[in-house]
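Dear colleague,

I am handing over the structure below, and my notes on it come after. Please read them with the model open.

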Amino acid sequence: MNKQEFSLRLSVLRKSKGVSARKMSLSIGQSTSYIKSIENGTCLPSVKMFFRICEYLEISEQEFFNTENVNPKNTNKIISELKSLDADSLEHLLKIINLIKQ
């Protein structure tokens, strides 16, 4: 993942959480423009700050780099709920998912 892709991924994940760049910056203990400067490609976070960003977004570092998963936080919630369903319910849900994808 290059710098531009990193910046775009952070922006997408932040927006999916529904927070402003300013609010996120302040929440992770940085200046008001910190996240915006990363999203603009001006800078990259340190490893420590990257871990803090992932923690704030409630995702793993691996999930951050998995760009195929647009909303890893909700995906994780869904997977957690799926684990409690019986076989019949999972089969019905799979049919619904296939209909949605069409």
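The notes below cover the core, the salt bridges and a surface patch.

This is a predicted model, in which local features need pLDDT of at least 70 and side-chain atom pairs count only at pLDDT 80 or more, while totals for chains, interfaces and linings use all residues. Residues are numbered from 1 along each chain as its sequence is written, and side-chain values use heavy atoms, with hydrogens and water left out.

The largest nonpolar core (buried Ala, Val, Leu, Ile, Met, Phe, Trp, Tyr and Cys residues joined through side-chain atoms within 4.5 Å; buried means under 20% relative accessible area, exposed over 50%, partly exposed in between, with a 1.4 Å probe and protein chains only) has 18 residues, of which Leu10, Met24, Ile35, Ile53, Leu57 and Phe64 touch the most other members.

There are four salt bridges, each a side-chain nitrogen of Lys or Arg within 4 Å of a carboxyl oxygen of Asp or Glu. One of them pairs Arg14 with Glu39, whose closest N and O atoms are 2.6 Å apart; Arg14 is buried at 6% relative accessible area, and Glu39 is buried too, at 13%. Glu58, partly exposed at 45%, bridges to Lys17 at 2.9 Å between the closest N and O atoms and also to Lys73 at 2.8 Å, N to O.

Finally, Val12 counts as partly exposed because its relative accessibility is 33%.

Best regards
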